[in-house]
Amino acid sequence: MTYVGMQSQIRRNNTYSVLLLFAFPAIMLGMLWVFLAIMDYLGNGYYDQYGNLINEMDADAVNGSFIEIAPWVVAGIAIWFCIAYFYNASMVRAATGARPLERRDNKRIYNIVENLCISCGMKMPKVYVVDDPQLNAFASGIDDDSYAVTLTTGIINYLDEDELTGVIAHELTHIRNRDTRLLITSIVFVGIITTLMAFLWRVILNTMMYGGNRSSSRDGKDKGPGILIAMCIGLVCMAIAYLFIMLTRFAISRKREYMADAGGAELSRNPLALASALRKISGDPGLQHCNREDIAQLFIVHPQNFTGSDFFSSMFSTHPDIRKRIEILEQF
């Protein structure tokens, strides 16, 4: 029997995915227009009769530049998104060092996944294992061909049968709810902004250190400060876009964990076992050789999440407080 609200959650996640697909380009284009407007405003200054500097923005010039640049921005985002979106499975495996797990490798784990899939009528995802003594698990993928459940050797060896069943049921619920597709979409978009911000920051540093002697124009004027200001304004605009996307992603991620806990408890029929598993995992979560935040947010327990529970920490966290999750499961 499916747990209450699953179909609604699937529809909601599908809607969120579509909204993200439109919201991200809209935010980027909005920040592009703001950048062009600020640059035009700062570049159109003149002094009045009293010697005061007056700045004005030429809206027609800004809109004209925006119309010329916007299609290239959208095309670049689309190409970048398609590459990252459709190759996300191989990227996750490369980042974590995951390898396929077949029935002959570990009948116990394979049978748990298979039996849970049969009980809820879903297609069995791929199963991967990471050779790591720390305790964690995660689901990934965007469709039936790429859906996967990944476990560390640490969690396989440390948890008992019922606890592992609860953890795997939790990850299967992420797949059933289309959480992984939504999360991969947000990860790709955040990755685009992060990369662009890192590139701009690097260029700014290089300009400050080495660009001063190479920035003079033919008329002898030093354009270095102007270039530096333009790049700093661009960096600020990127940072604002990054903040909007991150806050949206955090809110989506926290809610999906509660839903996956509920679905995992229902699917495994043992909420106390899942609560016990979360308590054990929180003592030693993570992957030793994977320090990527975008991958860490896929984990059932974020490596740093369980240490803070104040409002500010929770607002900027991809996972809800582990103690709250355990408390809810024990009252299930």
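**Reading a predicted model: strands, cavities and loops**

Strand S3 (residues 99-100) and S4 pair in the antiparallel sense, over 2 bridges. The model is predicted.

User: Which residue stands opposite Tyr-128 in S4?

Analyst: To read a strand pairing, take the sense of the pairing and then look for residues that face each other. Here Pro-100 is opposite Tyr-128 of S4.

User: In which sense do S4 and S6 pair, and over how many bridges?

Analyst: The pairing of S4 with S6 is parallel and runs over 5 bridges. One bridge joins Val-130 to Thr-152 in S6.

User: How do side chains point along a strand?

Analyst: In a regular strand, side chains alternate between the two faces of the sheet.

User: Is strand S4 largely enclosed or open?

Analyst: A residue counts as buried when its relative accessible area is under 20%. S4 covers residues 126-130, and 4 of its 5 residues are buried, so the rest of the structure largely encloses this strand.

User: What share of the whole chain is buried?

Analyst: The chain has 332 residues, and 47% of them count as buried. The accessible surface of the chain is about 17,200 Å², with 60% of that belonging to carbon and sulfur atoms.

User: How many helices and strands are there?

Analyst: The chain has 12 helices and 6 strands. A further point is how far apart in sequence the contacting residues lie. Among contacts in the chain with a separation of 6 or more, 69% are between residues 24 or more positions apart.

User: Is Ala-94 buried or exposed?

Analyst: Over 50% relative accessible area counts as exposed. Ala-94 has 65%, so this residue is exposed. Ala-94 sits in helix H3, which spans residues 88-96. For distance in sequence against distance in space, take Ala-94 and Cys-290: they are 196 residues apart in sequence, while their C-alpha atoms are 9.8 Å apart.

User: How many cavities of 30 Å³ or more does the structure hold?

Analyst: The structure holds 2 of them. The largest contains about 80 Å³ of space. Its lining has 13 residues, and those closest to the centre are Ala-89, Arg-93, Tyr-128, Ser-140 and Ala-148.

User: Which elements give two or more residues to the lining of the largest cavity?

Analyst: They are H3, strand S5 (137-140) and strand S6 (148-152). H3 gives the most, with 5 residues. A lining can also be read by class: this one has 6 nonpolar, 6 polar and 1 charged residues.

User: What lines the second largest cavity?

Analyst: The second largest cavity holds about 30 Å³ of space. Its lining consists of Ala-139, Glu-171, His-174, Thr-180, Leu-183, Arg-256 and Leu-298. Helix H6 (161-176) and helix H7 (179-210) are the elements that give two or more residues to this lining. By class, the lining of the second largest cavity divides into 3 nonpolar, 2 polar and 2 charged residues.

User: Where does Arg-178 lie?

Analyst: Arg-178 is in the loop between H6 and H7. Backbone angles are another feature to read: Arg-178 has a positive phi of about 65°, although it is not a glycine. At 28% relative accessibility, Arg-178 counts as partly exposed.

User: What is the phi of Arg-269?

Analyst: Arg-269 has a positive phi of about 60° and is not a glycine. Arg-269 lies in the loop between helix H8 (224-268) and helix H9 (271-281). With a relative accessible area of 66%, Arg-269 is exposed.

Notes: Residues are numbered from 1 along each chain as its sequence is written. This is a predicted model: local features need pLDDT of at least 70, side-chain atom pairs count only at pLDDT 80 or more; totals for chains, interfaces and linings use all residues. Side-chain values use heavy atoms; hydrogens and water are left out. Helices (H or I, at least four residues) and strands (E, at least two) are DSSP runs, numbered from the N terminus. Buried means under 20% relative accessible area, exposed over 50%, partly exposed in between (1.4 Å probe, protein chains only). Contact means heavy atoms within 4.5 Å. Accessible areas come from the Shrake-Rupley method with a 1.4 Å probe; for residues, only the protein chains shown count as cover. On a 1 Å grid over the protein atoms alone, a cavity is a set of points where a 1.4 Å probe fits but cannot get out, and a pocket is an open set with protein on both sides within 12 Å along at least five of seven lines; lining residues have an atom within 4 Å of a point. Grid points are joined across faces, edges and corners, and a volume is the space filled by probe spheres set on the points. Ala, Val, Leu, Ile, Met, Phe, Trp, Tyr, Cys and Pro count as nonpolar, Asp, Glu, Lys and Arg as charged, and the others, Gly among them, as polar. Two strands pair if DSSP finds at least two bridges between them.
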